[in-house]
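Q: Got a minute to go through this one with me? I'd like to start with the surface and then look at a few residues.

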Amino acid sequence: MAALAVVETPSGKDVIAEGLFELLKPAVQQLDLHVHSVRESQVELREHIDNLATELCRINEHQKVALDLDPYVKKLLNARRRVVLVNNILQNAQERLRRLNHNVAKETARRKTMLETSGAFTPRSPSKP
């Protein structure tokens, strides 16, 4: 009885999945960089709001004229709370995006390894047709 060699070829589904991954990878990485810079900006904004609120309280305490700055301080603290909330949402979204990117890369590597070990897939350089 002759032994049959089973050679796995990449299915259309795998090729499409890998193509989508390669297409979306730069956009995901760029989005991740932008989210990171927004988060840094929000941390800086939160620090400025804290400093301004502290300064307003200090000015209010040392003023000879009764100037009610409490409503402004409350508005600043409310703005700070909203900045922290948005920062938390961005952080959660960035973490989910990072996990998704990691899982897709791991699955792509697993499939590529499986195809390479079966002998059905030979990587070729982009410059060769």
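A: Sure. The chain exposes about 10400 Å², and carbon and sulfur atoms supply 60% of that. Keep in mind that this is a predicted model.

Q: What percentage of the residues count as buried?
A: 13% of the 129 residues in the chain.

Q: And how many helices and strands are there?
A: Two helices and zero strands.

Q: What about contacts between residues at least 6 apart in sequence, how many of those join residues at least 24 apart?
A: 77% of them in this chain.

Q: OK, on to Gln42. Where is it found?
A: Gln42 sits in helix α1, which covers residues 12-62.

Q: Is Gln42 buried or exposed there?
A: Buried: its relative accessible area is 13%, and the cut-off for buried is under 20%.

Q: Which residues is Gln42 in contact with, leaving aside neighbours within four places in sequence?
A: Val83, Val86, Asn87 and Leu90.

Q: Switching topic: which residues make the nonpolar surface patch?
A: Ile16, Leu20, Leu23 and Leu24 make a patch of about 410 Å².

Q: Take Leu20 from that group. Which helix does Leu20 lie in?
A: Helix α1, where Gln42 is found too.

Q: And why does Leu20 count as partly exposed?
A: Because its relative accessibility is 43%, and partly exposed runs between the buried cut-off of 20% and the exposed one of 50%.

Note on methods:
Residues are numbered from 1 along each chain as its sequence is written. This is a predicted model: local features need pLDDT of at least 70, side-chain atom pairs count only at pLDDT 80 or more; totals for chains, interfaces and linings use all residues. Side-chain values use heavy atoms; hydrogens and water are left out. Helices (H or I, at least four residues) and strands (E, at least two) are DSSP runs, numbered from the N terminus. Buried means under 20% relative accessible area, exposed over 50%, partly exposed in between (1.4 Å probe, protein chains only). Contact means heavy atoms within 4.5 Å. Accessible areas come from the Shrake-Rupley method with a 1.4 Å probe; for residues, only the protein chains shown count as cover. Patches are made of residues with over 30% relative accessible area and no salt bridge: like charges are joined within 9 Å, nonpolar side chains (Val, Leu, Ile, Met, Phe, Trp, Tyr) within 5 Å. A salt bridge is a side-chain nitrogen of Lys or Arg within 4 Å of a carboxyl oxygen of Asp or Glu.
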